[in-house]
Amino acid sequence: MIQDRLGSKLIQGLGYRQAWALVGVIDGGSASCNESVRNYENHSSGGKALAQREFYTVDGQKFTVTAYSEWIEGVSLSGFRVEAVDGVKLHLLDDVSSWKPGDQIVVASTDYSMYQAEEFTLLPCPECSRFQVKVKEAPQFLHMGEITDGVDMRAEVGILTRNVVIRGEMEDSCYAGNQCQFFDYDTFGGHVMIRKNFTSVHLSYVELRHMGQQHLGRYPVHFHLCGDVDHKGGYRHATFVDGLSIHHSFSRCITVHGTNGLLIKDTIGFDTLGHCFFLEDGIEQRNTLFHNLGLLTKPGTLLPTDRNNTMCTAMREKVFGNYVPVPATDCMAVSTFWIAHPNNNLISNAAAGSQDAGIWYLFHKEPTGESSGLQLLAKPELTPLGIFYNNRVHSSFKAGLFIDKGVKTTNASAADPREYLCLDNSARFRPHQDADPEKPRVAALIDRLISFKNNDNGAWVRGGDIVVQNSAFADNGIGLTFASDGSFPSDEGSSQEVSESLFVGESRNYGFQGGQNKYVGTGGIDQKPRTLPRNRTFPIRGFQIYDGPIHLTRCTFKKYVPTPDRYTSAIGFLVKNPWQITPRNNISLVKFGPHVSLNVFFGKPGPWFEDCELDGDKNSIFHDIDGSVTGYKDAYVGRIDNYLIRHPSCVNITKWNAVVCSGNYAQVYVQTWSTQNLTMTIARDEYPSYPMVLRGINQKATFPQYQPVIMLEKGYTIHWNGPAPRTAFLYLINFNRNDWIRVGLCYPSNTSFQVTFGFLQRHNGSLSKMEEYEPVHSLEELQRKQSERKFYFDSSAGLLFLYLKAKSHRDGHSYCSSQGCERVKIQAATDSKDISNCMAKAYPQYYRKPSALKRMPSMLTGLCQGCGTRQVVFTSDPHKSYLPVQFQSPSKAETQRGDLSVISVNGTDFTIQNPGVLLLVVDACSVPFRLTAKKVFSLADISRLEEYLRTGIPPRSIVLLSTRGEIKHLNISESLVPLGLAKPAHLYNKGSTIFLGFSGNFKPSWAKLFTSPAGQGLGLLEQFIPLQLDEYGCHRTSAVRRRDLELLMQTSKAH
């Protein structure tokens, strides 16, 4: 076999322990074979046989294959090496003909670890097109170069070299005063500072290397308290920074400090310490960041938010007393884009790897640093968001995009020992018109976000109103989480919506070990090894519900398949959730792809979920408006063991740990005074054997809060694991006018009551329309007068009964009515300290037979019309059109089973049933697509295929070819070269062949050939082919609309 098929001349004569190596081509004969034999010398060393041959790939990459064999210390050692020769070609999206040999470039990570970013040196490449470069070094990691599963995961490539260089002079190692306990290299670099009242500043295409210091105010580029630097500041030509390369630097990239109206564009910040693009004091506004790239943003020491775990706990000089900082809540927020005021513009930026977050919006309660004491005309957290368009975030640990929190604005003290400017959880984003809370809300728009390969969250977004649209989330631990403005009553209720977006659980970007990637496991779809966001048990979720209210609509989910190790679901809930959750979480028009086997998961006790017994865990719920999640229209989905929301016709979905019910639902907010560590039990009269035990949102708080979701028009009893609270408040949350429930609260039999009603005005805490409740003598009388302010105390059972009925209309997403928050206050007087649990006396006396007030709908049949996003591909160049193409290539066994061979073009299927070749020709200049030819060549007609490929394909055409069955001699190798291959391919005895090519004077990077061994198929292949490129020779009738450039122009006019 080796002699016949590989052409070996030496194998027949091999002797004892002779080392032999061979590199050959199957059926290539002895001329294609290179081999070597070395005699065994002694026990310590043996002769080393080395064989090597050069090859070219079909797309033109030159490489060598080396085989080696030897004996060392009596042990045989052999293996193979495959190495690129004369550099590696990279195919780029943009024209890079201005890049020169010797220039340095950086290629971003496309995996979970930012440390997979790599630097390369350009080589001369006369054969390269203007979209290609050749690099000297061999890549150590996989960098994605194509759109994957509809999401643009192509690695960013930035050129670091400029002809004007500002460089810090460095020592060989760190020296005193430069935080050397954290750094083993010199961090004392140069710095550039621009101060107020300059005549003109325009920085263009400068390289800054070894800049910045681990000292405040010393940054590569620092706009220091410059005020307005645009037309508003009297500048005829607005100030800008354009095309800078800031790399291998030691404190930030560009600091915007007390400066407004600055334009930063086309700038790279690579391998830097601390926040990279940094807005400092919380007063900086109207700045525009356009088409910038930040990557490998590492921790620094300057601010608590710059620091990692080790720095955070070690640096305690500015805390009060013996306080030890908590890294997760005080520090660990280093971000590529640190945006300290919402009124700034981010357009077409890439945050391609940070220790913590890619883009972080935070909200200062007041100006900080050197801006302290300035009076803000409007609070940042009330200010509408500037433009956010077409940004991408990936390869960060905490989150790609983070909208939440603020910084501490007071010095460390006994009252609050934390360091000044540490992370703080007090701010909430509530944008209103003119930043006035009395005026209407203005929805913050996150438009065209691409977020992938972030370990924790693709995006964590708190506040409201907020809209995320036209966005894609792939391979994140959790794709998108909305968190509400806060908790009632401080939060008035707001809206969070995601629409026209795509969620992918486990894409075909399998990742690559190394570069500090910590987690590797098995994929759920194909059981192939892949890098993972967290350990192999982490429950991956696409969209995560925390509290609400949220609206998830017109979204598509792909590739969420659990494994034996982990629950992977398209929709999930925050784990270990102690918070409230609202039944106003609405989902509609969603689509689940064929590889989604767990639409929703409510959690189960085990790793990550722990005991699943916190209040939010138990009350998890959402409203399936149209049945696109469950198949039941206008149904609510809750946890399977929640009997507060059930009726007899509800449907269990055990796999989801869920129950689907019809009905109307709201919440009761119960607040007690001075009753720490008190547990509340609430039972519905129809299911007393299944009460819900609530620990409270914060058991240690002075005013514990409980917020169960309840079915309306039902009766409930409330009990305690200690003495009944002397003061309790019951608020009607999400009650519409005339909605009601009856509650019975457990108290000692000798208790007397004062019960009052009033409307709480949230903004000032005042009460209006106060009314006193009066007692009645029986439950029957109470039922007759349920619209009146009455209560009934059954002293024998120990139950205080009253009706909670909404009197006023509620608007939109508000928790409360338009008149205020309807509140009942119960003041109880008793000398008893007994435990107030009346369950044994309440039931069966007050038991009611379970019933459904709203009929359970029939299950829907047929496909959901209009469900899912209308967009198929989400890219960072949305002004370009892409043609989605899929090939389905079955194996021999699958073919015999009747599986079809399919080429799908923009959702239209073209099939071939019999052995042969299917060929499609598509006009490369038409959108969405125009098929110009469809040809099927049977086995008998295969000989005509080569001639058609050579002469029958018109210019500016995309060629799509797929075989079916085994074709012994597919004689088309030479004819594929003009269509995009660099050399003829060996196409004999293949199981399947797929080819994508182009007819014209341009060889696109997407031209590809795929083959499989005999008997095997290629499965499902997906490609996204750009249309209407100038390089194709397409003639445009109108200019391409660039939304990003329009928005950039809009920002300059707005100044």
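In this predicted model, the second largest cavity holds about 50 Å³ of space. Its lining is made up of Trp-579, Gln-580, Ile-581, Asp-615, Asn-619, Leu-694, Ile-697 and Gln-707. By type, these divide into 4 nonpolar, 3 polar and 1 charged. The points below cover the cavities, the second largest pocket, the cysteines and the chain as a whole.

**Cavities**

- Rolling a probe the size of a water molecule over the atoms shows where empty space is left.
- Searching the whole structure turns up 6 cavities of 30 Å³ or more.
- The largest cavity contains about 110 Å³ of space, and 17 residues line it.
- Nearest the centre of the largest cavity lie Phe-573, Val-575, Phe-602, Gly-603 and Phe-609.
- Strand S44 (residues 569-573) gives the largest share of the lining of the largest cavity, with 3 residues.
- The lining of the largest cavity comprises 10 nonpolar, 4 polar and 3 charged residues.

**Second largest pocket**

- The second largest pocket has a volume of about 1,400 Å³.
- A total of 38 residues line the second largest pocket; Asp-149, Lys-558, Gln-886, Leu-1020 and Glu-1022 are the ones nearest its centre.
- Five strands each supply at least two residues of this lining: S43 (550-558), S46 (591-592), S65 (881-889), S66 (901-905) and S74 (1019-1027).
- In the lining of the second largest pocket, 14 residues are nonpolar, 12 are polar and 12 are charged.

**Disulfides**

- The model has 9 disulfides, among them the three described here.
- Cys-253 is joined to Cys-276 by a disulfide with an S to S distance of 2.0 Å. The angle about the S-S bond is -100 degrees, and the link is left-handed.
- Cys-253 sits in the loop between strand S19 (245-247) and strand S20 (254-260), and Cys-276 in the loop between strand S22 (268-273) and strand S23 (277-279), so this disulfide ties together parts that are 23 residues apart in sequence.
- Cys-253 counts as buried, because its relative accessibility is 0%. Cys-276 also has 0% relative accessibility and counts as buried.
- In the disulfide of Cys-650 and Cys-661, the sulfur atoms are 2.1 Å apart. This link is right-handed, with 125 degrees about the S-S bond.
- Cys-650 is in the loop between strand S48 (635-639) and strand S49 (651-653), while Cys-661 belongs to strand S50 (residues 658-661), so the pair ties together parts that are 11 residues apart in sequence. Both Cys-650 and Cys-661 are buried.
- Cys-925 and Cys-1034 form a disulfide in which the sulfur atoms lie 2.0 Å apart. With -85 degrees about the S-S bond, this link is left-handed.
- The disulfide of Cys-925 and Cys-1034 links distant parts of the chain, 109 residues apart. Cys-925 is in the loop between strand S68 (916-923) and strand S69 (931-938), and Cys-1034 is in the loop between S74 and helix H10 (1043-1054). Strand S74 also contributes at least two residues to the lining of the second largest pocket.
- Cys-925 and Cys-1034 are both buried.

**Cysteines away from a partner**

- Cys-226 takes part in no disulfide, and the nearest cysteine sulfur, in Cys-253, is 18 Å away. With a relative accessible area of 3%, Cys-226 is buried.
- A disulfide requires sulfur atoms within 2.5 Å. The closest cysteine sulfur to that of Cys-422 belongs to Cys-331 and is 7.3 Å away, so the distance is too far for a bond.
- Cys-422 has 1% relative accessibility and therefore counts as buried.

**The chain as a whole**

- The secondary structure of the chain consists of 10 helices and 74 strands.
- The chain has a radius of gyration of 33 Å, which agrees with the value near 31 Å for a compact globule with 1055 residues.
- Along the principal axes, the C-alpha atoms fill a box of roughly 110 × 75 × 75 Å.
- Of the 1055 residues, 59% count as buried.
- Among contacts in the chain with a separation of 6 or more, 69% are between residues 24 or more positions apart.

Notes
Residues numbered from 1 in each chain as written. Predicted model: local features only at pLDDT ≥ 70, side-chain atom pairs only at ≥ 80, totals over all residues. Heavy atoms only, no water. 1 Å grid on protein atoms, 1.4 Å probe; cavity = no way out; pocket = protein on both sides within 12 Å on 5 of 7 lines; lining within 4 Å. Points joined across faces, edges and corners; volume = space filled by probe spheres on them. Helix = DSSP H or I, 4+ residues; strand = E, 2+ residues; numbered from the N terminus. Nonpolar A, V, L, I, M, F, W, Y, C, P; charged D, E, K, R; others polar. Buried < 20%, exposed > 50% of the residue type's maximum accessible area, 1.4 Å probe, protein only. Rg over C-alpha atoms; globule rule 2.2 N^0.38 Å. Contact = heavy atoms within 4.5 Å.
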